[in-house]
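Work through the exercises below with the sequence and the model at hand. Each task is followed by a stepwise solution.

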Amino acid sequence: MNEIWTTMASMMGVWAFCQSILLTVFPPEFRFASLKFLHRVFHWFSAYCYYDITEIDGVNTNELYNAVQLYLSTSASISGTRLSLMRGLNSSSITFGLSNNDRLVDSYNGAAVEWEHIVTQRQSQTFSWRPLPEERRGFTLRVKKKDKQVILDSYLDFVMEKANEIRRKNQDRLLYTNSRGGSLDSRGHPWESVPFKHPSTFETLAIDPVKKAEIMDDLVDFANGESFYKRTGRAWKRGYLLYGPPGTGKSSMIAAMANFLGYDIYDLELTEVNTNSELRKLLMKTTSKSIIVIEDIDCSINLTNRNTTGGGGGGGGGGGGRRNNYDTASHGHGIDDGGNSITLSGLLNFTDGLWSCCGSEKIFLFTTNHIEKLDPALLRSGRMDMHIHMSYCSFPAMKILLKNYLGFQENDLQKELLEELEGEIDDAEMTPADISEVLIKNRRDKNRAVEELLVEFKNRVVIKRRKSKESNGDEIEDEEQEKRALDTPTDASDQLQETCNKNGCDDNDDHDKFD
Ligand SMILES: Nc1ncnc2c1ncn2[C@@H]1O[C@H](COP(=O)(O)OP(=O)(O)OP(=O)(O)O)[C@@H](O)[C@H]1O
Ligand SMILES: [Mg+2]
């Protein structure tokens, strides 16, 4: 090792000596050409080659730079003497880094490499579409020429992989949003992020335990499926569609999935994105091991017609915004996309096209309250691999809520009470959100909470029966009116007119009915 350093030092000495001779002896016009020549000769005889990894590559942030910085932070913490310490906004731990113009030696498969961190002031602001940082930062990697191949083939991949591992370990997971639409910030990112701290997990999620186990197994298979996806020639991604009424836990399920897998979430607000190419750019800037979510897909843009480029059509809940009411949303007609020209085919390409596999290990997750409004193209296998119905609270799911909210185990409750609850719950059609409200309200008195829940179930069943009786009554009345009209031919046209006025049909339909 010492010998290498001695040789290096003497070569550097020779190089410096030659440079000083050149600068003093030769006239200025020869200096540049001679320096270039000497430089070449020096590198020709040198046993090393050098690679520069700059922080900003053109206008984009160089991910390799960030990865190297993070990777070196683990080695630097052990061996460095002068280190810069960092704690990221979203990080829960401190990382170490090389100070400006400091060096660090690393080894990989028996090959020694040297990293140097180089920071210089940016001379003058060159023209750019966005402001660039004041400092120009980069790493120089020095590798022996004989080790060049091994370093280029696998060391840099190893560095990237290790950096991702460190990032996941150090950093709290992030929730990204595209609130700026598709425009980029000064480091070229279209996404803004905040720490993701949603407490929902599969333990707290009240859904049927068999369904829960199935979903968890599917997620584990996906996360461990790198070789499977490679072998079968499929992009390493999976699509889930969560559908069901509001308050059944669709958003809670997304958070539980992210917490279970340790993935970041990209919450894509489609109404903020104007074009298909903006959508593609957003996708390109998502990282691996992430869940890309589009909530309320039926309300985001008009997705019922592949050829429609926004505006008109019958897709959503109106206004391009989120809908809050399950019942009223179903009557929405048309949609004003406010200049949004994303098409269904743009979205399909986003989830399924060539671009969807940039980066890997990504989950696409759509939610909707109205699965019947979605285009079949969006639902076919391969796009949305698993359709998960989030339904009204079932008896097994209710037991999970009783346990989580009140600390009840199954044996803590009287058998008769449990049976009564079981008998009513399906007819009551209450969502887990409704049930948890009752439990939270009465959580100081557990027994009262359960009694109140039973009362609520019974009330709902009564209301539901009354409503269905009323609507049945209306139907019977209509039928009887029509029958009377047919039985008394002289009054028929008047009677029918009355029925039609009530139901809103036009003159042409009348003839069909009579026929
Ligand atoms: N299956 C569930 N398990 C546990 N808690 C639930 C479940 N469903 C709903 N909740 C509770 O109800 C609240 C609302 O649930 P959530 O936002 O996940 O419903 P959602 O299906 O996404 O509704 P929306 O369709 O309106 O977006 C949450 O705070 C959560 O605590
Ligand atoms: Mg939701």
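**Exercise 1. Find how confident this predicted model is along the protein chain, and name the stretches with low scores.**

Step 1. The protein chain has an average pLDDT of 77, and 68% of the residues reach at least 70.
Step 2. Take the elements of the protein chain: the highest mean pLDDT, 96, belongs to helix 5 (residues 209-223), and the lowest, 35, to helix 18 (residues 507-514).
Step 3. Residues 304-338 stay under 50 in pLDDT; the model gives them 75 contacts beyond four places in sequence.
Step 4. Residues 495-515 also have a pLDDT below 50, with 17 contacts beyond near neighbours in sequence.
Step 5. For the model, ipTM is 0.99 and pTM is 0.66.

**Exercise 2. Describe the open sheet of seven strands: its order, its edges and its twist.**

Step 1. The strand order reads 10-9-12-13-14-11-15, and the pairing is mixed.
Step 2. Strand 10 (192-195) and strand 15 (386-389) are the edge strands, each pairing on one side only.
Step 3. From one strand to the next, the twist averages 20°.
Step 4. Strand 13 and strand 14 (residues 362-368) run parallel and are joined by five bridges. Ile294 has Phe366 in strand 14 as its bridge partner.
Step 5. Helix 11 (residues 344-352) packs on this sheet, where it touches strand 11 (237-243), strand 13 and strand 14. The direction of helix 11 makes about 140° with that of strand 14.

**Exercise 3. Examine the backbone and the burial of Lys289 and Asp296.**

Step 1. Most residues other than glycine have a negative phi.
Step 2. Lys289, not a glycine, has a positive phi of about 55°. Lys289 sits in the loop between helix 8 (276-284) and strand 13 (290-294).
Step 3. Asp296 is likewise a residue other than glycine with a positive phi, near 50°. Its loop runs between strand 13 and helix 9 (297-300).
Step 4. Lys289 counts as partly exposed because its relative accessible area is 22%, and the partly exposed class lies between 20% and 50%.
Step 5. Asp296 counts as buried because its relative accessibility is 3%, which is under 20%.

**Exercise 4. Is Ile297 buried or exposed, and how far in space is Ile297 from His370?**

Step 1. Ile297 belongs to helix 9.
Step 2. The relative accessible area of Ile297 is 0%, so Ile297 is buried.
Step 3. Ile297 and His370 are separated by 73 residues in sequence, and their C-alpha atoms are 9.0 Å apart.

How values were computed:
Residues numbered from 1 in each chain as written. Chains lettered and ligands numbered in written order. Predicted model: local features only at pLDDT ≥ 70, side-chain atom pairs only at ≥ 80, totals over all residues. Heavy atoms only, no water. Helix = DSSP H or I, 4+ residues; strand = E, 2+ residues; numbered from the N terminus. Buried < 20%, exposed > 50% of the residue type's maximum accessible area, 1.4 Å probe, protein only. Pairing = 2+ DSSP bridges. Axes fitted to C-alpha atoms, helices over the stretch in contact; angles between N-to-C directions. Contact = heavy atoms within 4.5 Å. pLDDT = per-residue confidence, 0-100.
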